[in-house]
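Q: Please take a close look at one part of this structure and describe how it is put together. I am new to it, so explain each term as it comes up.

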Amino acid sequence: VYSEVSVGTVFHVMLPLSASAGGQGNGEMFNIPVRGSGCILIIDDEEVLRITASEMLADLGYDVLAASNGMDGLAIFEKESGRIDLVLLDMTMPELNGRECFARMRALKPDARIILTSGFAQEADVRQFQEKGLCGFIRKPYLALDLSQAIAAALSSK
């Protein structure tokens with residue numbers, strides 16, 4: 001459960017997968033997360049999500065930098081922008097929200113690769129970011145498979 005005053009509440013129910021799910025009775029293998037390389041900056045104020053995503057990405061082969069808010073993330077981005085291949089950016093954060101952080105990063109580096117993450121984003125919000133160069137969107141909480149695929153897609157479109 002994730003709740004935010006004046007925004008709403010999101011409930012995520014996670015059920016175990018089954019080889020027979022979706023009418024698949026033949027036991028086909030499930031998708032395997034896409035491994036990669038490069039440096040990814042995670043900017044997210046939710047410690048559990050930040051730590052979990054960092055561990056997922058490290059397991060997939062990426063170097064990871066992490067920040068707990070937009071201001072810290074922007075400072076790391078300014079210092080390490082030549083090294084950072086992609087930014088995983090939370091939309092709702094204290095001090096500097098995702099929208100402002102996105103704009104400032106793109107001003108510093110117009111070709112910055114940024115994937116937006118949120119549990120609350122509306123389609124219209126995401127479209128506005130895409131019109132300004134957003135590489136992708138992933139709804140929280142996400143699985144390693146979904147995260148790896150979104151990152152692989154964003155990095156392959158260089």
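**The sheet and its helices**

A: Helix 3 (residues 98-108) lies across strand 3, strand 5 and strand 6, and runs at about 155 degrees to strand 5. This is a predicted model, in which local features need pLDDT of at least 70 and side-chain atom pairs count only at pLDDT 80 or more, while totals for chains, interfaces and linings use all residues. Residues are numbered from 1 along each chain as its sequence is written, and side-chain values use heavy atoms, with hydrogens and water left out.

Some terms are needed at once. Helices (H or I, at least four residues) and strands (E, at least two) are DSSP runs, numbered from the N terminus. Axes are lines fitted to C-alpha atoms, for helices over the stretch in contact, and angles between N-to-C directions run from 0 to 180 degrees. Contact means heavy atoms within 4.5 Å.

The sheet itself is open and has five strands, in the order 4-3-5-6-7, with parallel pairing. At its edges stand strand 4 (63-67) and strand 7 (136-139); each has a single partner strand, so one side of each is left without a neighbour in the sheet. From one strand to the next, the twist averages 20 degrees. Two strands count as paired if DSSP finds at least two bridges between them.

At one edge, strand 3 and strand 4 run parallel and are joined by five bridges; C39 has D63 in strand 4 as its bridge partner. Between these two strands the chain passes through helix 1, in a right-handed β-α-β crossover. Right-handed means that, with the strands pointing away from the viewer, the path from the first strand over the helix to the second runs clockwise. At the other edge, four bridges join strand 6 (residues 114-118) to strand 7, also parallel, and I115 is bridged to G136 in strand 7.

Helix 2 (residues 70-80) lies across strand 3 (39-43), strand 4 and strand 5 (86-90), at about 140 degrees to strand 4. Its residues G70, G73, L74 and F77 are buried, where buried means under 20% relative accessible area, exposed over 50%, and partly exposed in between (1.4 Å probe, protein chains only). Seen down the axis of helix 2, these buried residues fall within an arc of 100 degrees, so they line one face of the helix; the arc is that of the directions from the helix axis to the C-beta atoms. They pack against strand 3, strand 4, strand 5 and helix 3.

In helix 5 (residues 144-156), the buried residues are L147, S148, A150, I151, A154 and L155. They cover an arc of only 165 degrees around the axis, which puts them on the same side of helix 5. What covers them includes strand 3, helix 1 (47-59), strand 5, strand 6 and strand 7.

S54 belongs to helix 1 and counts as buried, at 16% relative accessibility. Apart from its neighbours within four places in sequence, S54 is in contact with I42, V64 and A66.

The loop between strand 7 and helix 5 holds P141, and the peptide bond from K140 to P141 is cis, with omega near -10 degrees. L143 lies in the loop between strand 7 and helix 5 too, and counts as exposed at 51% relative accessibility.

Definitions and conventions:
The expected span of a helix is 1.5 Å times one less than its number of residues.
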